[in-house]
Protein chains: 2
Amino acid sequence: MEISRRADYAMRVILDLAMLPSGMRARARDIARRQAIPYAFLQKIIRDLCAAGFIEASRGRRGGVRLARPAESITLLEVLEAMEGPIRLNRCSREPHLCPRWSFCAVHPVWAQAQAYLEQLLGSTTFAQVAERGRQIRAMQSRNGAHGAAALSIQEASIAQAPRI
Amino acid sequence: MEISRRADYAMRVILDLAMLPSGMRARARDIARRQAIPYAFLQKIIRDLCAAGFIEASRGRRGGVRLARPAESITLLEVLEAMEGPIRLNRCSREPHLCPRWSFCAVHPVWAQAQAYLEQLLGSTTFAQVAERGRQIRAMQSRNGAHGAAALSIQEASIAQAPRI
DNA sequence: TAAAAGTGGACTATATCGGTCCATAATGTC
DNA sequence: GACATTATGGACCGATATAGTCCACTTTTA
């Protein structure tokens, strides 16, 4: 019940790149500093993101990494699952019929519902959207003091009502 | 991103007891068999559930455990959090202001939203409701063959649409 | 050609998970 | 009162995952 630091970092790397002008590279050092990720750990994460096809890297003097696909086409779910494998809230909440108890366990539908919501939310949110929000926050903070945007960014996130079982 | 076996087992213990006639005791051995939980592990879990006040135990010849509170008053969230501590999907999704980046990290609202949904869903579902569903499934399966109820129990779980960010 | 980047891989410390085992205490039954 | 039965408390454990670190090496470019 908590995503790994690795996955969290990976998502912040993609976000960092998505907020850059299209096609621009960033050096790992700079990403590490901006996103507060241990550089040595970031090295490994960047390799994984390359292997998964989300980013592409170039070496040497003016090297760095950049998105290999448009940010509009990358969802939070995709990156998360690339780092952690298929997500699931409970052992039986994905591929429910693989659980020997699925046909009669009454808690099952609750997990199935939570899982479906999560997949839907993360799977329909792209890094383009998140980056756009990031730009708004940045703009707002540069206008009015350091903490101007915080309250708004939370308020704006429409919290869904959870339907009963 | 997956609740512990311990928490899953704990919830199934409470469900098992909630499906019994009110006030009736069950022996740990029987719960272990019915719920397919390793008995030695269950011993420890039962102790924790006692300490948390969900169940009460009595020793000796006709001993066993039973619910210490009405099933209507116990939510899935309560039991889950008693076993795992406050739930969170990401390090920063609970107590967001404790994260040094919360005021400008654009992924934050997504985690906050998912977290809120999960808390709402699990916090508003009681073991009385789940037990009732369990009784329905049981009744249905005893009427028509072993796998009769499975499909229905999934269909009936109304899957919520996830609102966009 | 030298500095600056990413690359690949070995390595590690720590914690958590998912248990097991057992000696002991309490309790009902005969 | 003896005995079988049940929970209790705590010690113990192996495997795996996590969250990193470190570094020698290759590639690129100014």
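A polar contact here is a pair of N or O atoms within 3.5 Å. The model is predicted. In it, protein chains A and B both have residues among the closest to DNA strand D, and both also have residues among the closest to DNA strand C. The briefing takes each strand in turn, then helix packing, then two loop residues.

**DNA strand D**

- The strand is surrounded by 23 residues, and the closest are A:Lys44, A:Arg59, B:Ala28, B:Arg47 and B:Arg59.
- Of the strand D atoms that come within 4 Å of the protein, sugar and phosphate account for 65%.
- One contact reaches the backbone of the DNA: a polar side-chain atom of A:Tyr9 lies 3.3 Å from a phosphate oxygen of strand D.
- A:Arg59 reaches a base instead, with a polar side-chain atom 2.9 Å from a base oxygen of strand D.
- A:Arg61 also reaches a base oxygen of strand D, but through a backbone N or O atom, at 3.2 Å.
- Two or more residues of the surface near strand D come from each of these elements: helices H1 (5-18) and H3 (39-51) of chain A, and helix H3 (39-51) and strand E1 (55-58) of chain B.
- Which element gives the largest share of that surface? H3(A) does, with four residues.
- By class, this surface holds ten charged, seven polar and six nonpolar residues.

**DNA strand C**

- Around strand C there are 22 residues, and the closest are A:Arg27, A:Ala28, A:Arg47, A:Arg59 and B:Arg59.
- Sugar or phosphate makes up 68% of the strand C atoms within 4 Å of the protein, and bases make up the rest.
- What part of A:Ala28 lies 2.8 Å from a phosphate oxygen of strand C? It is a backbone N or O atom of A:Ala28.
- A:Arg47 places a polar side-chain atom 2.9 Å from a base nitrogen of strand C.
- B:Arg59 has a polar side-chain atom 2.9 Å from a sugar or linking oxygen of strand C.
- At least two residues of the surface near strand C come from each of H3 and strand E1 (55-58) of chain A and H1 and H3 of chain B.
- H3(B) gives the most, with four residues.
- The class split near strand C is nine charged, seven polar and six nonpolar.

**Helix packing in chain A**

- H1(A) and H3(A) pack at about 70°, with axes 10 Å apart.
- The two helices are therefore roughly perpendicular to each other.
- From H1(A), the contact uses A:Arg6, A:Tyr9, A:Ala10, A:Val13 and A:Ile14; from H3(A), it uses A:Phe41, A:Leu42, A:Ile45, A:Asp48 and A:Leu49.
- Eight of these residues are nonpolar and two are charged, with no polar residue.
- A:Tyr9 thus appears twice: in the contact with H3(A), and beside a phosphate oxygen of strand D.

**Helix packing in chain B**

- Helix H1 (residues 5-18) and helix H4 (residues 76-84) of chain B pack at about 140°, and their axes are 9 Å apart.
- That angle makes H1(B) oblique to H4(B).
- Is the crossing of H1(B) and H4(B) left-handed or right-handed? It is right-handed.
- On the H1(B) side are B:Arg6, B:Ala7, B:Ala10, B:Met11 and B:Ile14, which meet B:Leu76, B:Val79, B:Leu80, B:Met83 and B:Glu84 of H4(B).
- This contact has eight nonpolar and two charged residues, and no polar ones.
- H4(B) also meets helix H5 (residues 108-123) of chain B: the axes come within 6 Å and cross at roughly 115°.
- H4(B) is therefore roughly perpendicular to H5(B).
- B:Leu76, B:Leu77 and B:Leu80 of H4(B) contact B:Glu119, B:Leu122 and B:Gly123 of H5(B).
- Four of these residues are nonpolar, one is polar and one is charged.
- B:Leu76 and B:Leu80 serve in the contact with H1(B) and again in the contact with H5(B).

**Positive phi in two loops**

- Most residues other than glycine have a negative phi.
- A:Ala36 has a positive phi, near 55°. It sits in the loop between helix H2 (28-35) and H3 of chain A.
- B:Ala36 also has a positive phi, near 55°. Its place is the loop between helix H2 (28-35) and H3 of chain B.

Key. Residues numbered from 1 in each chain as written. Chains lettered and ligands numbered in written order. Predicted model: local features only at pLDDT ≥ 70, side-chain atom pairs only at ≥ 80, totals over all residues. Heavy atoms only, no water. Near = heavy atom within 4 Å. Polar contact = N/O pair within 3.5 Å; in protein donor to acceptor, adjacent residues only side chain to side chain. Nonpolar A, V, L, I, M, F, W, Y, C, P; charged D, E, K, R; others polar. Axes fitted to C-alpha atoms, helices over the stretch in contact; angles between N-to-C directions. Parallel < 35°, antiparallel > 145°, perpendicular 65-115°, else oblique. Left-handed = near helix turned anticlockwise from the far one by under 90°. Contact = heavy atoms within 4.5 Å.
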